[in-house]
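Visitor: I have a few minutes before my next job finishes. Can we go through this model together?
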Amino acid sequence: MAKILAITNQKGGVGKTTTGVNLAASLAAARQRVLLVDLDPQGNATTGVGTLKLKALPTVYQVLLGNASCVQARLATPFGFDLIPANRELAGAEVELVDIERRETRLKEALTGVESEYDFILIDCPPALNLLTVNGLTAAQAVMIPMQCEYYALEGLSDLVQTIKKVRAHLNPDLQIEGLLRTMYDPRNTLAQQVSAQLVAHFGERVYRTVIPRNVRLAEAPSHGMPALRFDKASKGAQAYLALAGEMLNRGVQ
Ligand code: ATP
Ligand code: MG
């Protein structure tokens with residue numbers, strides 16, 4: 001059975017999508033079968049792997065509304081993993097789902113059809129604690145939280161932990177916090193060092209040892225429609241995500 005991870009943080013621009021795309025590519029390079037689900041109307045994971053936002057294709061929007069299966073919506077990327085794409089249409093899903101039964105469990109139910117075909121399913125959540133994110137958290141076994149080591153990061157974390165507790169209480173009692181990932185890390189920045197130390201003090205083993213450095217190749221790769229691993233394998237960013245995949249596999253995450 002697949003390990004299903006929701007990559008989430010309601011704070012914008014912390015590296016969720018970069019982590020989704022590059023971790024998917026790195027796990028695939030380690031011969032893992034991976035499905036990346038783009039659950040964000042911004043569709044950044046979708047464009048980040050070069051997938052055109054074609055109107056005719058079913059996306060995660062149709063999947064959530066029950067108008068397409070995951071099998072119908074998934075696409076094989078040239079990078080060894082599959083993708084269920086998203087586009088702006090998904091922004092309407094929140095309103096349309098309100099009147100639908102079991103609106104929080106739509107993604108979970110849809111994924112049961114393909115779960116056995118993958119080792120990992122990574123869900124790239126939007127920067128909000130909304131119904132889309134709740135669908136992601138309900139479908140997942142565990143949460144991966146990318147975060148930048150800056151002052152407000154810790155405040156945002158307590159809101160996220162509250163949401164995770166609510167989802168546990170009402171929808172998904174077994175939801176774990178898989179790990180906190182330090183992203184865009186600059187070791188010369190004293191505040192980053194302090195926040196990083198606080199994180200480790202508070203969350204201990206749940207902070208990944210692997211740290212993702214700030215690396216321009218990670219920021220450039222999406223405009224070429226590819227993960228950094230393909231764009232520049234030797235780059236520090238690509239190597240960091242390979243190390244993260246290795247750490248996850250060594251943890252016996254499967
Ligand atoms: P959103 O909340 O809008 O979905 P996000 O959390 O998915 O954002 P990303 O889109 O992954 O964040 O990253 C935000 C920006 O920072 C992007 O331009 C991305 O290319 C860049 N970026 C992400 N990680 C790194 C890194 N380690 N080094 C340099 N740039 C990075
Ligand atoms: Mg994103």
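Visitor: Which residues are exposed on the other side of α8, away from its buried residues?

Guide: Tyr 151, Lys 166, Ala 169 and His 170 are exposed there. Keep in mind that this is a predicted model.

Visitor: And which residues of α8 are buried?

Guide: Helix α8 runs over residues 151-170. Its buried residues are Ala 153, Gly 156, Leu 157, Leu 160, Val 161, Thr 163, Ile 164 and Val 167. They span an arc of only 165° around the axis, so they lie on the same side of α8.

Visitor: What covers them?

Guide: The cover includes two helices, α7 (131-139) and α9 (190-203). It also includes the strands β6 (142-148) and β7 (176-183).

Visitor: Let's zoom out. How many helices and strands are there in the chain?

Guide: Twelve helices and seven strands.

Visitor: What does the radius of gyration say about the overall shape?

Guide: The protein chain has 17 Å. A compact globule of 254 residues would come out near 18 Å, so the value agrees with that.

Visitor: What box do the C-alpha atoms fill?

Guide: Roughly 50 × 40 × 30 Å, along the principal axes.

Visitor: How much of the chain is buried?

Guide: Of the 254 residues, 55% count as buried.

Visitor: And the contacts? What share comes from residues 24 or more positions apart?

Guide: 78%, out of the contacts with a separation of 6 or more.

Visitor: What about the surface? How much area does the chain expose?

Guide: About 11300 Å². Carbon and sulfur atoms supply 51% of that area.

Visitor: Now charges. How far apart are the mean positions of the positive and negative ones?

Guide: They are 5 Å apart. The chain has 26 positive and 24 negative charges.

Visitor: Back to backbone geometry. What is the phi of Arg 31?

Guide: Near 65°, which is positive, and Arg 31 is not a glycine. Most residues other than glycine have a negative phi.

Visitor: Where is Arg 31, then?

Guide: In the loop between α1 and β2 (34-38). Arg 31 has a relative accessible area of 75%, so it counts as exposed.

Visitor: What about Met 184? What is its phi?

Guide: Positive as well, at about 50°, although Met 184 is not a glycine. Met 184 is found in the loop between β7 and α9.

Visitor: Is Met 184 buried, exposed or partly exposed?

Guide: Partly exposed. Its relative accessible area is 26%, and the partly exposed class runs between 20% and 50%, so Met 184 falls in that class.

Visitor: Next, Thr 18. Which element holds it?

Guide: Helix α1, residues 16-29. Thr 18 is at 27% relative accessibility, so it counts as partly exposed.

Visitor: What does Thr 18 touch, leaving out residues up to four places away in sequence?

Guide: Leu 23, Leu 218 and Tyr 241.

Visitor: And how far is Thr 18 from Arg 88?

Guide: Their C-alpha atoms are separated by 19 Å. Along the chain they are 70 residues apart.

Visitor: Last one. Where does Gly 246 sit?

Guide: In helix α12, which covers residues 236-250. Gly 246 counts as partly exposed, at 27% relative accessibility.

Visitor: What separates Gly 246 from Ile 121?

Guide: In space, 16 Å between C-alpha atoms. In sequence, 125 residues.

Note on methods. Residues numbered from 1 in each chain as written. Chains lettered and ligands numbered in written order. Predicted model: local features only at pLDDT ≥ 70, side-chain atom pairs only at ≥ 80, totals over all residues. Heavy atoms only, no water. Helix = DSSP H or I, 4+ residues; strand = E, 2+ residues; numbered from the N terminus. Rg over C-alpha atoms; globule rule 2.2 N^0.38 Å. Buried < 20%, exposed > 50% of the residue type's maximum accessible area, 1.4 Å probe, protein only. Contact = heavy atoms within 4.5 Å. Areas by Shrake-Rupley, 256 points an atom, 1.4 Å probe, with all protein chains shown as cover. Lys, Arg positive; Asp, Glu negative; His and termini not counted. Charge placed at Lys NZ, Arg CZ, Asp CG, Glu CD. Arc of directions from axis to C-beta.
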